[in-house]
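Student: I should like to examine one part of this structure closely and then see how other parts are arranged around the chain. Please take me through it in order.

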Amino acid sequence: MVNSKHWVLLLALVTICAGIGSVSCWKKEEFRNCHHTPFCKQGRARKPGTSNLRAIDVALQDGQLTAKLVPKILNPETEAENALILRMSVYPDGILRFKVDEDEGKDGKRKRFEVPDVLAEDLDDRRLWLQRIEHEQDGVSSVYLTTGYEAVLQHDPLEIYVRRGKHQRLVSFNGKGFFHFEQLRDKNEEENWDEQFRSHTDSRPHGPQSISLDVSFHEAKHVYGIPEHATGLALKPTRGPDVDSEPYRLFNLDVFEFISESPFGLYGSIPFMLSHSKEYTTGFFWLNAAEMQIDVLAPGWDGNSASDSDANADGIHTMWMAESGIVDAFFFIGPGPKDVMRQYASLTGTSAMPQLFATAYHQCRWNYRDEEDVSNVDAKFDEFDIPYDVLWLDIEHTDGKRYFTWDNLLFPNPEEMQNKLMAKGRHMVTIVDPHIKRDDGFPLHKEATQKGYYVKDAHGNDYDGWCWPGASSYLDMLNPEIRSWWADKFSLSSYKGSTPSLYIWNDMNEPSVFNGPEATMPRDALHFGDVEHRDVHNAYGYFFHMGSADGLLKRGGGNDRPFVLSRAFFAGSQRVGAVWTGDNTADWDHLRVSVPMLLTLGLTGMTFSGADVGGFFGNPEPELLLRWYQLGAYYPFFRAHAHHDTKRREPWLFGERNTALIREAIHIRYALLPYYYTLFREANVRGVPVMRPLWMEFPGDESVYSNDEAFMVGGSLLVHGIYSEGATSVSVYLPGSQYWYDIRTGAVYTGGNHYKLDVSDESIPAFQQGGTIIPRKDRFRRSSTQMTSDPYTLVIALNHTLEAEGELYVDDGRSYDYKKGAYIHRQFVFSNGRLTSVNLAPDKSDKKLFPSNCVIERIILLGLKSQISKGGKTALVEPSNHRVDIESGPLMLRKGSYPSAVNVRKPNVRIDEDWSIKIF
């Protein structure tokens with residue numbers, strides 16, 4: 001038994017370290033690198049062309065192409081034993097799946113782990129039934145993928161690729177001959193399978209079982225994805241001439257004060273990579289929850305010279321190494337960025353539709369001390385006219401860090417506290433982590449122990465690790481029965497002191513174990529079905545997140561959308577809830593890297609994501625905090641958070657001017673909530689992220705492929721952060737050929753140009769693209785809930801041909817009634833001087849399932865002054881056939897001086913009806 005006093009000292013050290021700079025606390029020796037990781041070290045040592053497999057017995061079986069993969073040099077006595085089974089299948093929209101596993105038919109052989117509950121439930125039903133195989137000359141077999149594309153199996157040397165026509169390869173597997181699959185086997189007497197790292201021993205009872213493979217993205221210019229790393233958007237090479245780097249690591253870890261520009265793995269893992277060029281966007285997804293190490297190979301990686309002129313001429317090659325599991329992989333062929341997003345979402349799901357309040361501003365700190373502190377903070381927001389929707393409580397609100405409890409001295413009346421917030425339309429979030437305090441007097445622990453619901457150690461005992469409560473055990477969330485039991489704990493009767501307005505935060509769910517190897521659970525710990533932790537590690541947090549969200553869903557009778565924030569994530573987490581980038585630091589580098597981190601999350605399906613505004617560790621100077629609010633107001637998930645050792649940093653604590661400017665940043669987010677909510681619906685339906693890299697909207701513009709200082713919010717807004725102290729100017733590139741309008745001043749710029757812009761502390765550069773229409777709400781309340789019945793403003797930014805279009809999606813903001821058709825979805829089109837509202841929702845002519853009395857009270861037109869001067873000062877509203885005033889009015893309806901623009905005043909047309917307004 002570990003001495004408890006030792007771990008009390010460790011916890012104290014963790015707390016002390018939080019107040020020190022990140023360079024002091026980042027101890028890379030505490031974590032494994034590739035050299036310390038045998039499967040990675042061995043994988044990197046392999047030479048191209050050393051894959052020793054070929055395909056035989058190629059046939060159709062159950063609508064799939066099947067084959068055996070055997071060594072090129074056969075031993076007749078061991079041929080059957082060594083054969084791997086390949087299955088290739090095709091899905092709608094040009095998706096190719098290929099699985100490689102050991103032969104399941106062998107008696108007594110351990111089955112390798114396949115990750116459950118990630119892929120769509122109906123995926124098998126959607127599989128296309130292959131009718132025939134084309135056996136081409138030279139040992140090549142091909143099957144139809146989609147119009148113009150084929151999936152190809154080359155028998156010897158083994159290769160799988162997708163081609164367009166008969167010659168153009170898009171993406172391939174084992175084209176460089178790195179594929180290696182360590183099969184399970186019996187241990188020889190002289191072998192020692194134990195692995196040592198520092199003071200920890202991994203018993204590896206089933207021996208080495210790693211997989212290495214290469215994927216080539218032909219004609220690609222850049223590759224993206226595979227979060228989570230604090231790096232730039234376009235993935236830099238990690239191996240090749242003049243490159244000295246670790247591979248990109250996918251292994252969920254609680255990394256204390258992570259550093260930027262590092263390929264080291266952080267809190268979540270999604271093994272999905274995209275490539276992009278002018279011609280194509282393609283993707284590769286490997287469904288595997290074991291540790292991965294991924295190399296992006298630089299030009300000349302294979303020893304061949306590569307001049308600047310032909311660098312990446314044949315595309316980008318990557319090498320993937322996994323500790324265990326099987327090959328269950330997918331190719332996506334695009335051809336455009338949004339096509340790949342749609343294809344990936346068809347497998348793993350689109351983003352859950354959030355409640356409206358969750359898309360607004362969240363105020364968090366470790367910790368708000370007590371009910372009086374909560375009340376004072378809430379009142380100060382009102383006093384300073386700053387809206388917010390959610391107040392968060394960290395671990396100190398509990399009774400001794402026992403989750404689902406309250407400290408009765410500090411929070412004696414939790415229901416009353418929540419109800420007071422809810423009276424203003426505000427919500428509360430409390431933290432519930434996966435480590436359960438090992439206390440026989442704690443009913444949750446006692447019941448979990450009696451039912452055998454904890455993860456076991458390698459000897460079959462309840463795993464005992466250390467986290468915030470001290471000695472802790474961890475629920476085995478791989479087991480659906482345990483997830484269901486856990487979900488019941490969120491009921492109002494079970495979670496005493498909770499109310500329907502309380503939502504949940506899952507932290508530390510990598511899982512974090514202070515005394516474990518690399519501060520996580522040992523790889524030889526055991527889960528449901530005798531699955532080792534090494535196999536499921538990267539998905540543990542996803543399953544915990546899922547169980548918590550299911551709990552809120554049960555609590556609400558199945559019709560209250562859950563809100564659960566998670567730090568750890570995996571493929572499919574987007575269906576469950578939101579994530580954030582973890583424990584960042586109050587410095588300019590972390591402000592800067594937050595943008596590519598969030599863009600990468602969006603590209604891999606996790607659109608509802610954000611970074612802690614202000615930085616979790618450290619004390620931001622007022623300028624940094626202000627710039628972070630101005631940028632964070634455009635994050636999909638907008639939350640300020642801070643460590644308990646930092647100075648208090650609520651928005652009103654930095655002087656009158658900074659308070660006003662932070663208020664303005666938050667007000668911009670609230671004004672744009674209708675636009676954000678519409679984008680979240682698009683993500684929910686189509687899988688397209690809210691926050692997008694520029695190349696997603698401008699895929700043919702090579703100058704934006706590595707631009708991660710600016711980003712798009714939907715297709716209409718471009719935002720560029722300020723990432724340096726004391727900046728007075730910034731260079732901004734505005735892509736495309738349309739006009740761009742400064743959202744604060746209305747100043748117009750022409751696309752396709754770089755601009756050096758003067759900047760002040762008042763704002764960061766943000767522009768609306770010509771040809772778009774953005775819905776806003778310009779009246780400000782205490783919370784988004786109180787804005788429900790407020791009127792709308794439409795901001796029309798005209799393009800060169802004086803046209804524009806946009807959308808508005810509205811539902812009740814809470815329930816799943818939208819799935820029954822209870823929503824409004826309108827398209828606004830401005831053309832030939834007329835603005836028209838068109839219904840995009842399914843026709844429900846018998847009745848309106850979601851009627852609304854909301855109206856549009858103001859229409860702002862950017863780029864129209866000269867036309868109005870010729871056409872008069874009134875507009876005709878039809879079919880009511882009445883006229884309304886056109887005049888010069890402010891861009892913003894707030895205190896202060898704002899530039900003017902053409903305004904159509906009080907047309908008062910309903911958002912749920914068809915109408916048109918003739919303006920000129």
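In which loop, between which two strands, is the place of aspartate 93?

Tutor: The model is a predicted one, and aspartate 93 is found in the loop between β3 (84-91) and β4 (95-102). The backbone there has a notable angle: phi of aspartate 93 is near 75°, a positive value in a residue other than glycine. Partly exposed covers the range between 20% and 50% relative accessible area, so aspartate 93, at 34% relative accessibility, counts as partly exposed.

Aspartate 530 also has a positive phi, near 60°, and is likewise a residue other than glycine. Its loop runs between β30 (526-527) and β31 (531-532). With a relative accessible area of 41%, aspartate 530 is partly exposed.

Two peptide bonds also deserve attention. The bond from glycine 334 to proline 335 is cis, with omega near 20°, and proline 335 belongs to the loop between β22 and α6 (337-348). The bond from glutamate 878 to proline 879 is cis as well, its omega being near 15°. Proline 879 is placed in the loop between β50 (874-878) and β51 (882-890).

Strand β7 offers a contrast to the partly exposed loop residues. Six of the six residues of β7 (residues 149-154) are buried, so the strand is largely enclosed by the rest of the structure. In a regular strand, side chains alternate between the two faces of the sheet. In β7, Tyr149, Ala151 and Leu153 point one way, while Glu150, Val152 and Gln154 point the other way, and all of them are buried.

The partners of β7 can be taken in turn. Strand β6 (residues 140-146) pairs with β7 in the antiparallel sense, over six bridges. Within this pairing, tyrosine 144 stands opposite glutamate 150 of β7. The two strands form a hairpin with two residues between them, and glycine 148 in the turn has a positive phi of about 90°. Strand β8 (residues 159-164) runs antiparallel to β7 and is joined to it by six bridges. Here glutamine 154 stands opposite glutamate 159 in β8. The connection from β7 to β8 is a hairpin through four residues.

Charged side chains supply a further set of links, for the structure holds 75 salt bridges. In one of these, arginine 534 meets glutamate 323, with the closest N and O atoms 2.8 Å apart. Arginine 534 lies in helix α11 (residues 533-555), whereas glutamate 323 is in the loop between β21 (316-322) and β22 (327-332), so the pair ties together parts that are 211 residues apart in sequence. Arginine 534 counts as buried at 2% relative accessibility, and glutamate 323 is buried with a relative accessible area of 7%. The two residues also belong to a network of salt bridges, whose members include Arg32, Glu195, Asp202, Arg204 and Arg249.

Another salt bridge joins the side chains of aspartate 373 and arginine 648, at 3.1 Å from N to O. This pair links distant parts of the chain, 275 residues apart: aspartate 373 is in helix α7 (residues 371-383), and arginine 648 is in the loop between β35 (638-640) and α14 (656-671). Aspartate 373 is buried, with a relative accessible area of 5%, whereas arginine 648 is partly exposed, with 26%.

A salt bridge is also formed by arginine 910 and glutamate 913, whose closest N and O atoms are 3.3 Å apart. Arginine 910 is partly exposed, with a relative accessible area of 25%, and glutamate 913 is partly exposed too, with 33%.

Finally, the confidence of the prediction should be kept in view. The mean pLDDT of the chain is 93, and 94% of its residues reach 70 or more. Over residues 1-24, however, pLDDT stays under 50, and the model has 27 contacts beyond four places in sequence for that stretch.

Notes
Residues are numbered from 1 along each chain as its sequence is written. This is a predicted model: local features need pLDDT of at least 70, side-chain atom pairs count only at pLDDT 80 or more; totals for chains, interfaces and linings use all residues. Side-chain values use heavy atoms; hydrogens and water are left out. Buried means under 20% relative accessible area, exposed over 50%, partly exposed in between (1.4 Å probe, protein chains only). Two strands pair if DSSP finds at least two bridges between them. pLDDT is the predictor's confidence in each residue, from 0 to 100. Contact means heavy atoms within 4.5 Å. A salt bridge is a side-chain nitrogen of Lys or Arg within 4 Å of a carboxyl oxygen of Asp or Glu.
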